[in-house]
Amino acid sequence: MAEAGAGFSNRYPSFYGPEGRLILVDSALEAVNRGSTTIGIKTASFALLASHIKPARPLMEPTEKVFPVDGHVGATGSGYIGDILQLIDELRLEAQKHRLSFESPIDIGSLTKHLGGYLHNYTIYAVRPQAASVIIAGVDQTGVHMYQVDPSGTYFRGAGFAIGQSADSALDAIQRDYSADMTVEQAVQLANKAIEKALGERSIVEIGLATAKEGKFKKLQ
(Lines give C-alpha, C1' and ligand atoms only; values in the text may rest on other atoms or scores of the structure.)
Protein backbone atom coordinates (compact mmCIF):
# COMPACT_ATOMS: atom_id res chain seq x y z
CA MET A 1 0.00 0.00 0.00
CA ALA A 2 2.88 2.34 0.77
CA GLU A 3 4.29 1.87 -2.72
CA ALA A 4 0.88 2.52 -4.29
CA GLY A 5 0.51 5.72 -2.30
CA ALA A 6 3.96 6.85 -3.35
CA GLY A 7 3.11 6.16 -6.98
CA PHE A 8 -0.05 8.25 -6.73
CA SER A 9 1.93 11.10 -5.16
CA ASN A 10 4.54 11.00 -7.92
CA ARG A 11 1.89 10.99 -10.61
CA TYR A 12 0.07 14.01 -9.17
CA PRO A 13 2.88 16.04 -7.57
CA SER A 14 1.62 19.55 -8.21
CA PHE A 15 -2.16 19.70 -7.95
CA TYR A 16 -2.22 21.68 -4.70
CA GLY A 17 0.20 24.15 -3.20
CA PRO A 18 0.90 24.61 0.53
CA GLU A 19 -2.11 26.93 0.87
CA GLY A 20 -4.49 24.54 -0.88
CA ARG A 21 -4.45 26.44 -4.15
CA LEU A 22 -4.47 24.66 -7.51
CA ILE A 23 -0.97 25.33 -8.81
CA LEU A 24 -1.74 24.62 -12.47
CA VAL A 25 -4.80 26.87 -12.37
CA ASP A 26 -2.74 29.65 -10.79
CA SER A 27 -0.23 29.26 -13.63
CA ALA A 28 -3.07 29.48 -16.16
CA LEU A 29 -4.29 32.68 -14.48
CA GLU A 30 -0.79 34.14 -14.80
CA ALA A 31 -0.98 33.50 -18.55
CA VAL A 32 -4.36 35.26 -18.62
CA ASN A 33 -2.86 38.25 -16.80
CA ARG A 34 -0.28 38.60 -19.58
CA GLY A 35 -2.90 38.53 -22.33
CA SER A 36 -4.71 41.35 -24.09
CA THR A 37 -6.61 43.77 -21.88
CA THR A 38 -10.25 42.80 -22.33
CA ILE A 39 -13.39 44.53 -21.07
CA GLY A 40 -17.06 43.73 -20.54
CA ILE A 41 -19.70 46.38 -19.74
CA LYS A 42 -23.42 45.63 -19.28
CA THR A 43 -26.58 47.61 -18.65
CA ALA A 44 -30.22 46.52 -18.83
CA SER A 45 -30.24 47.53 -22.52
CA PHE A 46 -26.98 46.10 -23.85
CA ALA A 47 -23.77 44.21 -23.17
CA LEU A 48 -20.52 45.39 -24.74
CA LEU A 49 -17.28 43.46 -25.21
CA ALA A 50 -13.97 45.16 -26.02
CA SER A 51 -10.49 43.71 -26.40
CA HIS A 52 -7.12 45.24 -27.17
CA ILE A 53 -5.60 44.05 -30.43
CA LYS A 54 -1.86 43.72 -29.94
CA PRO A 55 0.29 45.05 -32.80
CA ALA A 56 1.03 42.36 -35.35
CA ARG A 57 4.39 41.72 -36.96
CA PRO A 58 4.98 43.22 -40.40
CA LEU A 59 2.95 41.51 -43.15
CA MET A 60 0.80 39.72 -40.56
CA GLU A 61 -2.88 40.46 -40.02
CA PRO A 62 -3.98 41.10 -36.41
CA THR A 63 -5.72 38.29 -34.56
CA GLU A 64 -9.50 38.47 -34.14
CA LYS A 65 -10.44 39.04 -30.50
CA VAL A 66 -14.26 39.32 -30.34
CA PHE A 67 -16.28 36.36 -31.62
CA PRO A 68 -19.95 35.79 -32.45
CA VAL A 69 -21.03 32.50 -30.83
CA ASP A 70 -24.65 32.41 -31.99
CA GLY A 71 -26.99 35.09 -33.31
CA HIS A 72 -27.77 36.35 -29.81
CA VAL A 73 -24.48 35.83 -27.98
CA GLY A 74 -20.77 36.57 -28.37
CA ALA A 75 -17.58 36.16 -26.41
CA THR A 76 -14.05 37.41 -26.03
CA GLY A 77 -11.09 36.28 -23.96
CA SER A 78 -7.60 36.84 -22.70
CA GLY A 79 -4.72 34.37 -22.46
CA TYR A 80 -3.29 31.96 -25.01
CA ILE A 81 -5.08 32.58 -28.28
CA GLY A 82 -5.11 28.87 -29.14
CA ASP A 83 -6.94 28.13 -25.90
CA ILE A 84 -9.35 31.02 -26.44
CA LEU A 85 -10.21 29.73 -29.91
CA GLN A 86 -10.84 26.24 -28.56
CA LEU A 87 -13.21 27.63 -25.93
CA ILE A 88 -15.04 29.69 -28.55
CA ASP A 89 -15.49 26.53 -30.63
CA GLU A 90 -16.86 24.73 -27.57
CA LEU A 91 -19.37 27.53 -26.97
CA ARG A 92 -20.46 27.49 -30.61
CA LEU A 93 -20.86 23.72 -30.58
CA GLU A 94 -23.01 23.80 -27.44
CA ALA A 95 -25.16 26.61 -28.85
CA GLN A 96 -25.75 24.67 -32.07
CA LYS A 97 -26.55 21.45 -30.21
CA HIS A 98 -29.21 23.32 -28.25
CA ARG A 99 -30.75 24.79 -31.41
CA LEU A 100 -30.91 21.38 -33.06
CA SER A 101 -32.39 19.72 -29.97
CA PHE A 102 -34.87 22.38 -28.84
CA GLU A 103 -35.30 24.60 -31.94
CA SER A 104 -34.57 27.69 -29.85
CA PRO A 105 -31.50 29.73 -28.90
CA ILE A 106 -29.67 28.66 -25.75
CA ASP A 107 -30.00 30.92 -22.69
CA ILE A 108 -26.81 32.69 -21.66
CA GLY A 109 -26.68 31.15 -18.18
CA SER A 110 -26.84 27.57 -19.49
CA LEU A 111 -24.15 28.30 -22.08
CA THR A 112 -21.90 29.75 -19.37
CA LYS A 113 -22.52 26.82 -17.04
CA HIS A 114 -21.54 24.41 -19.83
CA LEU A 115 -18.24 26.22 -20.39
CA GLY A 116 -17.58 26.29 -16.65
CA GLY A 117 -18.03 22.51 -16.48
CA TYR A 118 -15.85 22.03 -19.55
CA LEU A 119 -13.03 24.05 -17.98
CA HIS A 120 -13.44 22.43 -14.58
CA ASN A 121 -12.77 19.03 -16.12
CA TYR A 122 -9.25 20.22 -16.94
CA THR A 123 -8.59 20.75 -13.22
CA ILE A 124 -9.43 17.22 -12.05
CA TYR A 125 -7.22 15.22 -14.42
CA ALA A 126 -3.47 15.30 -15.03
CA VAL A 127 -3.71 17.68 -17.99
CA ARG A 128 -2.85 21.33 -18.55
CA PRO A 129 -5.74 23.69 -17.70
CA GLN A 130 -6.82 26.04 -20.47
CA ALA A 131 -4.82 29.27 -20.11
CA ALA A 132 -7.73 31.52 -20.99
CA SER A 133 -10.43 33.52 -19.29
CA VAL A 134 -13.58 34.30 -21.26
CA ILE A 135 -16.26 36.99 -21.06
CA ILE A 136 -19.64 35.97 -22.52
CA ALA A 137 -22.33 38.53 -23.42
CA GLY A 138 -25.75 38.01 -24.91
CA VAL A 139 -29.51 38.41 -24.87
CA ASP A 140 -32.11 35.74 -24.09
CA GLN A 141 -35.75 35.59 -23.02
CA THR A 142 -34.88 36.93 -19.56
CA GLY A 143 -32.85 39.94 -20.72
CA VAL A 144 -29.24 41.01 -21.22
CA HIS A 145 -26.55 38.96 -19.48
CA MET A 146 -22.79 38.99 -19.09
CA TYR A 147 -20.53 36.43 -17.42
CA GLN A 148 -16.82 35.89 -16.87
CA VAL A 149 -15.43 32.35 -16.75
CA ASP A 150 -11.91 31.73 -15.43
CA PRO A 151 -9.56 28.76 -16.09
CA SER A 152 -10.82 26.87 -13.02
CA GLY A 153 -14.35 26.81 -14.42
CA THR A 154 -15.58 29.34 -11.87
CA TYR A 155 -17.97 31.86 -13.40
CA PHE A 156 -19.32 35.22 -12.30
CA ARG A 157 -22.28 37.29 -13.44
CA GLY A 158 -21.96 41.05 -13.41
CA ALA A 159 -22.13 44.45 -15.09
CA GLY A 160 -18.41 45.12 -15.46
CA PHE A 161 -15.38 42.88 -15.99
CA ALA A 162 -11.73 43.34 -16.92
CA ILE A 163 -9.24 40.57 -17.62
CA GLY A 164 -5.75 40.44 -19.09
CA GLN A 165 -2.84 42.83 -18.77
CA SER A 166 -3.29 45.47 -16.02
CA ALA A 167 -6.88 44.32 -15.51
CA ASP A 168 -7.07 45.95 -12.06
CA SER A 169 -6.39 49.39 -13.53
CA ALA A 170 -8.95 48.85 -16.29
CA LEU A 171 -11.58 47.65 -13.82
CA ASP A 172 -10.92 50.67 -11.59
CA ALA A 173 -11.65 52.97 -14.55
CA ILE A 174 -14.89 51.11 -15.30
CA GLN A 175 -16.08 51.21 -11.70
CA ARG A 176 -15.39 54.93 -11.43
CA ASP A 177 -17.36 55.98 -14.54
CA TYR A 178 -19.95 53.22 -14.94
CA SER A 179 -23.62 54.21 -15.01
CA ALA A 180 -26.60 51.86 -15.29
CA ASP A 181 -28.27 54.24 -17.76
CA MET A 182 -25.25 54.94 -19.96
CA THR A 183 -25.62 54.80 -23.75
CA VAL A 184 -23.78 52.45 -26.09
CA GLU A 185 -21.61 55.37 -27.24
CA GLN A 186 -20.67 56.15 -23.64
CA ALA A 187 -19.85 52.49 -22.99
CA VAL A 188 -17.60 52.38 -26.05
CA GLN A 189 -15.80 55.49 -24.82
CA LEU A 190 -15.46 53.99 -21.34
CA ALA A 191 -14.09 50.71 -22.69
CA ASN A 192 -11.48 52.54 -24.77
CA LYS A 193 -10.60 54.74 -21.80
CA ALA A 194 -10.20 51.74 -19.49
CA ILE A 195 -7.93 49.91 -21.94
CA GLU A 196 -5.92 53.08 -22.55
CA LYS A 197 -5.46 53.54 -18.80
CA ALA A 198 -4.36 49.93 -18.38
CA LEU A 199 -1.80 50.09 -21.18
CA GLY A 200 -0.73 53.72 -20.84
CA GLU A 201 -1.32 54.46 -24.52
CA ARG A 202 -4.01 54.67 -27.19
CA SER A 203 -4.72 51.24 -28.64
CA ILE A 204 -6.58 49.46 -31.39
CA VAL A 205 -9.68 47.90 -29.84
CA GLU A 206 -12.16 45.38 -31.25
CA ILE A 207 -15.74 45.74 -30.00
CA GLY A 208 -18.86 43.57 -30.03
CA LEU A 209 -22.37 44.42 -28.83
CA ALA A 210 -25.53 42.59 -27.80
CA THR A 211 -28.69 44.69 -27.43
CA ALA A 212 -32.05 43.95 -25.86
CA LYS A 213 -33.80 45.93 -28.62
CA GLU A 214 -32.45 43.82 -31.48
CA GLY A 215 -31.89 40.60 -29.54
CA LYS A 216 -28.68 40.05 -31.49
CA PHE A 217 -24.91 40.14 -31.06
CA LYS A 218 -22.81 41.95 -33.63
CA LYS A 219 -19.32 43.34 -34.04
CA LEU A 220 -19.05 47.12 -34.13
CA GLN A 221 -15.40 47.48 -35.05
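# Chat about two sheets and two cores

User: Where is Leu 59 found?

Analyst: Leu 59 sits in the loop between strand 2 and strand 3; strands here are DSSP runs of E with at least two residues, helices are H or I runs with at least four, and both are numbered from the N terminus. This is a predicted model, where local features need pLDDT of at least 70 and side-chain atom pairs count only at pLDDT 80 or more, while totals for chains, interfaces and linings use all residues. Residues are numbered from 1 along each chain as its sequence is written, and side-chain values use heavy atoms, with hydrogens and water left out.

User: Is Leu 59 buried or exposed?

Analyst: Exposed, because its relative accessible area is 92%. The cut-offs are under 20% for buried, over 50% for exposed and partly exposed in between, with a 1.4 Å probe and protein chains only.

User: And how many residues separate Leu 59 from Leu 22?

Analyst: They're 37 residues apart in sequence, and C-alpha to C-alpha they're 40 Å apart in space.

User: OK, cores. How many residues are in the largest nonpolar core?

Analyst: 22, and Ile 39, Ile 41, Leu 48 and Ala 50 have the most contacts inside it. A nonpolar core here means buried Ala, Val, Leu, Ile, Met, Phe, Trp, Tyr and Cys residues joined through side-chain atoms within 4.5 Å.

User: Which elements supply at least two residues each?

Analyst: Strand 1 (38–42), strand 2 (46–52), helix 5 (167–177), helix 6 (184–199) and strand 9 (205–211). Helix 6 gives the largest share, eight residues.

User: What is Leu 48 in contact with?

Analyst: Leaving aside neighbours within four places in sequence, the list includes Ile 39, Ile 41, Met 146, Val 188, Ala 191 and Leu 209. Contact means heavy atoms within 4.5 Å.

User: Which sheet has strands 1 and 2 in it?

Analyst: An open one of five strands, ordered 8-1-2-9-10, with antiparallel pairing. Its edges are strand 8 (160–163) and strand 10 (216–219), each pairing on one side only. Two strands count as paired if DSSP finds at least two bridges between them. Strand 1 and strand 2 are joined by five bridges, and Ile 39 stands opposite Ala 50 in strand 2.

User: What does helix 6 touch on that sheet?

Analyst: Strand 1, strand 2 and strand 9, and the direction of helix 6 makes about 30 degrees with that of strand 2. Angles run from 0 to 180 degrees between N-to-C directions, using axes fitted as lines to C-alpha atoms, for helices over the stretch in contact. Helix 5 lies across strand 1 and strand 8, at about 160 degrees to strand 8.

User: At what angle do helix 5 and helix 6 pack?

Analyst: About 145 degrees, with the axes 7 Å apart. Among the residues making that contact are Ala 170, Ala 173 and Ile 174 of helix 5, plus Leu 190 and Ala 194 of helix 6.

User: Switching to the other sheet: what order are strands 3 to 7 in?

Analyst: 3-4-5-6-7, five strands in an open sheet with antiparallel pairing. Strand 3 (66–70) and strand 7 (155–157) are the edges. Neighbouring strands of that sheet are turned by 25 degrees against each other on average, direction ignored.

User: How many bridges join strand 6 to strand 7?

Analyst: Three, and strand 6 covers residues 143–149. Val 149 has Tyr 155 in strand 7 as its bridge partner.
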